[in-house]
Number of protein chains: 2
Amino acid sequence: MKIRLGIIGLGTVGSGVLDLLEQHKAFFRDSLGFEFELMGICSRSQARLDRFAAKAPFTTRNPLELTARPDVDVILELAGGEDAPRAWVESAFANGKHVITANKALLAKHGKELFPLAEKSGTFLLFEAAVGGGIPIIRTLQEAFIANDINGLACIINGTCNYILTEMTSKQLPFKTALKQAQELGYAEADPAFDIEGTDSAHKVALLASLCYGKYVDFANMTVEGITTISDVDIAMAEEMGFAIKLLGIVSQDRSGNIQANVYPALLDKKHQLATVDGVLNAIYLKTSAVGAILLTGAGAGKLPTASSVVSDLVSLARQLATGNPKAQPMGFFSSRNQAELVPIDELETEFYLRLTAVDKPGVLAKVTTVLGEEGISIRALVQKPEHDPEHVPVIFLTHATKNSNVRKALKRIDAMDIIQAPTQVLRFYR
Amino acid sequence: MKIRLGIIGLGTVGSGVLDLLEQHKAFFRDSLGFEFELMGICSRSQARLDRFAAKAPFTTRNPLELTARPDVDVILELAGGEDAPRAWVESAFANGKHVITANKALLAKHGKELFPLAEKSGTFLLFEAAVGGGIPIIRTLQEAFIANDINGLACIINGTCNYILTEMTSKQLPFKTALKQAQELGYAEADPAFDIEGTDSAHKVALLASLCYGKYVDFANMTVEGITTISDVDIAMAEEMGFAIKLLGIVSQDRSGNIQANVYPALLDKKHQLATVDGVLNAIYLKTSAVGAILLTGAGAGKLPTASSVVSDLVSLARQLATGNPKAQPMGFFSSRNQAELVPIDELETEFYLRLTAVDKPGVLAKVTTVLGEEGISIRALVQKPEHDPEHVPVIFLTHATKNSNVRKALKRIDAMDIIQAPTQVLRFYR
């Protein structure tokens with residue numbers, strides 16, 4: 001069976017997809033019966049179009065010219081962006097074409113219109129590559145665990161952040177040095193904000209949360225904290241106490257059906273399976289009703305891992321097209337009419353790590369502990385480590401599980417005291 | 001869409017499947033559009049039939065009565081055994097029914113006839129539950145990594161063995177005590193041979209190797225070693241040197257296309273991701289051409305994890321049936337006409353751990369090292385640890401990578417010496 005492709009975007013992922021289609025061409029044709037024929041390519045860059053021009057009969061710098069072509073069955077949207085690609089996908093659907101995308105920002109922002117539209121148009125919108133790079137988490141949630149309720153999900157879903165935190169931990173680097181190193185190695189962008197502030201993680205976590213609970217989760221309603229405030233002191237303190245600091249996406253559902261979906265750096269026990277996931281690796285840890293706990297770890301980004309997931313979607317689609325009556329996974333639930341109530345982080349109970357920067361005077365602890373007590377926060381441990389910063393002795397409080405609003409209120413009072421020299425560092429535990 | 005089921009086997013997995021179908025009935029019907037209707041059940045045990053009789057209009061103790069019924073679309077073969085179920089599956093195919101099985105022994109032994117027969121009959125033979133319990137390794141290999149060559153696979157695929165080795169390690173138990181404990185907890189059978197001698201692992205590894213390389217791998221040609229000879233001394237020595245001992249299935253392909261597929265206990269660096277997979281957990285570690293290294297960890301057995309995979313197969317099948325023109329994954333390669341050449345273990349190069357039990361006399365080491373040298377085996381380290389056994393001081397040699405045949409020949413000579421009091425313990429490293 002012949003399946004005719006149009007590719008929008010000839011950057012890292014696009015060229016990776018072309019490589020894989022070439023490498024496995026004979027296998028796809030002879031063993032699976034699928035011939036993927038490249039009918040058109042589109043790139044903003046004329047240089048890239050020229051470079052790949054020999055591979056396709058049609059080239060254009062205008063995506064809408066490609067999505068309108070009658071000789072294309074499937075559009076691979078591999079260009080990135082948020083608002084522009086929405087129009088391309090809508091055009092593809094209007095022209096009866098299926099779409100495969102690696103674009104989490106697009107889906108997190110416009111999936112609520114695009115998924116229902118795909119369902120209405122009878123077209124596929126596949127996105128395995130949008131979350132976790134080469135890790136097959138989308139099909140695992142959609143297919144493998146179809147007979148499971150998801151009791152919780154925690155994930156390390158941004159390789160840039162995980163690389164930076166790993167380097168800070170293993171080499172005792174300050175954040176800025178680790179970030180610079182990541183940029184030099186190509187693991188972080190020149191403008192790294194999108195990664196290190198947690199936005200990229202939030203896009204992916206919103207998609208995962210939506211799939212876990214069959215509702216549309218808007219990332220704009222999530223609490224999203226990045227890793228920019230993590231200091232080498234925090235990493236060292238956590239290490240000494242037996243914890244790793246990881247940027248986690250954390251998803252669960254409470255008994256009344258409300259969803260918790262947030263992204264923040266968290267201390268987790270070094271014995272937890274996620275704590276050993278280092279470097280640019282991603283990992284998704286799922287607690288399920290039938291299978292129990294399961295962990296998937298692998299490359300969460302990069303040319304070929306991402307391209308591998310795009311091509312896996314293409315083959316799955318081909319297998320459905322071969323039936324002559326293709327049936328997509330039902331994704332119509334991902335719609336603004338079916339939006340999840342998110343539990344505000346203020347209402348969540350977590351254990352806390354609080355690092356105070358206080359003047360070295362008698363009575364400081366008494367003042368701070370008084371406020372914590374008045375706000376109903378129970379202290380599990382108190383550590384002072386002058387060796388980490390002899391001038392501003394860090395004072396660390398570990399709390400028992402307490403409502404986030406309690407801590408917010410307490411810190412508002414504590415940080416206003418004149419004995420406190422800098423805003424208190426607040427980290428949560430993941431258990 | 002209504003899909004009519006017949007279940008053979010009402011033991012742990014069968015009753016788990018009934019539980020999950022019940023639990024998710026509304027979701028399958030309302031969200032996916034599938035109604036699974038139980039038309040018949042079959043069990044050797046009249047007591048079990050009686051227990052579940054209210055759930056199905058037809059009950060029988062004869063599987064062939066169920067496979068012949070015209071009102072059944074899909075047979076779930078969840079009874080176990082090897083030769084008897086082959087006849088049931090053949091009968092199901094002859095009657096145009098699809099089959100879902102959790103039975104690795106059946107597939108390892110008779111898959112070479114059953115997979116081609118399914119292809120010829122235009123029926124499905126699905127088996128996600130046969131390997132790794134709730135871990136979605138079959139669909140990961142068949143679908144997610146379809147655009148990858150598999151460069152290697154290592155797995156912990158028998159929970160009984162992993163539990164025993166974990167207990168031996170964490171509590172310094174002798175093998176027999178850990179085995180007894182596993183039996184008391186229901187993690188090991190009363191007759192544990194099938195698990196602890198590696199046979200169960202070999203069945204699963206043969207299936208995985210076949211899927212990795214698109215050829216039929218006969219488990220009878222694999223080298224299969226269990227964990228019965230592992231002593232607490234070996235575990236303690238490995239620990240001290242920074243290694244864990246795990247029963248691994250190890251699969252790879254050499255440049256000439258020949259496949260290596262074996263099961264043996266191996267020392268692996270404690271920092272390897274597989275080394276931290278403890279207790280009854282299973283894990284599959286894949287080295288792939290596009291995605292790189294990936295690890296899947298989870299419950300490899302048990303009622304609901306296994307049932308979860310059976311039901312996931314059922315939903316995948318339903319999705320294909322809903323097209324009216326279902327297309328199975330091509331499994332015709334799994335045939336005796338397409339049998340893989342396995343590289344004999346003698347020809348593999350591995351590093352070795354050799355534990356000699358020698359009399360405590362001068363000159364022993366000279367004699368042993370002479371033989372090792374003559375057989376071309378280069379020694380990486382030598383350790384004597386009298387504290388582990390003051391009477392028979394264990395002498396441990398670690399070797400550089402060397403052909404397995406060299407070690408076999410050397411040990412034949414060494415173990416024949418009168419200074420050697422017991423057969424030398426031979427373990428390999430996994431790197």
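The centres of domain 1 and domain 2 of chain A, taken over C-alpha atoms, are separated by 28 Å in this predicted model. The domain assignment divides chain A into domain 1 (2-133 + 303-338), domain 2 (146-299) and domain 3 (345-430); such bounds come from an automatic or database domain assignment. Residues are numbered from 1 along each chain as its sequence is written, and chains are lettered from A and ligands numbered from 1 in the order in which they are written. Because the model is predicted, local features need pLDDT of at least 70 and side-chain atom pairs count only at pLDDT 80 or more, while totals for chains, interfaces and linings use all residues.

Between domain 1 and domain 2 of chain A, 15 residues of the former are in contact with 14 residues of the latter, contact meaning that the C-beta atoms of two residues, placed from the backbone, lie within 7 Å. On the domain 1 side, helix H6 (residues 104-121) of chain A contributes the largest share, five residues. Helices (H or I, at least four residues) and strands (E, at least two) are DSSP runs, numbered from the N terminus. By class, this side of domain 1 of chain A has eight nonpolar, five polar and two charged residues; Ala, Val, Leu, Ile, Met, Phe, Trp, Tyr, Cys and Pro count as nonpolar, Asp, Glu, Lys and Arg as charged, and the others, Gly among them, as polar.

Chain A also holds an open sheet of six strands, in the order S3-S2-S1-S4-S5-S6, with parallel pairing; two strands pair if DSSP finds at least two bridges between them. Its edge strands, each pairing on one side only, are strand S3 (58-60) and strand S6 (125-126) of chain A. Strand S1 (residues 2-8) and strand S4 (residues 74-77) of chain A run parallel and are joined by four bridges, with A:Leu76 in S4(A) as the bridge partner of A:Ile7. Helix H5 (residues 83-94) of chain A packs on the sheet, where it touches S1, S4 and strand S5 (98-101) of chain A. The direction of H5 makes about 170° with that of S4(A), where axes are lines fitted to C-alpha atoms, for helices over the stretch in contact, and angles run from 0 to 180 degrees between N-to-C directions.

The description now turns to the pair of chains. A turn of 180° and a shift of 0.0 Å along the axis lay chain B on chain A with an RMSD of 0.1 Å, the copies being superposed by least squares on the C-alpha atoms of residues with pLDDT of at least 70 in both. That is the relation of a two-fold axis. B:Leu296 comes closest to the rotation axis among the residues of chain B, at 2.3 Å (C-alpha). The same surface serves both copies, as 100% of the contact residues of chain B recur in chain A.

The contact takes 43 residues from each of chain B and chain A. On the chain B side, helix H2 (25-32), helix H7 (137-144), strand S12 (292-299) and helix H13 (303-321) each supply at least two residues, and H13(B) gives the largest share, nine residues. This side of chain B divides into 23 nonpolar, 16 polar and four charged residues. Strand S12 (residues 292-299) of chain A and S12(B) run antiparallel and are joined by three bridges; A:Thr297 stands opposite B:Leu295 in S12(B).
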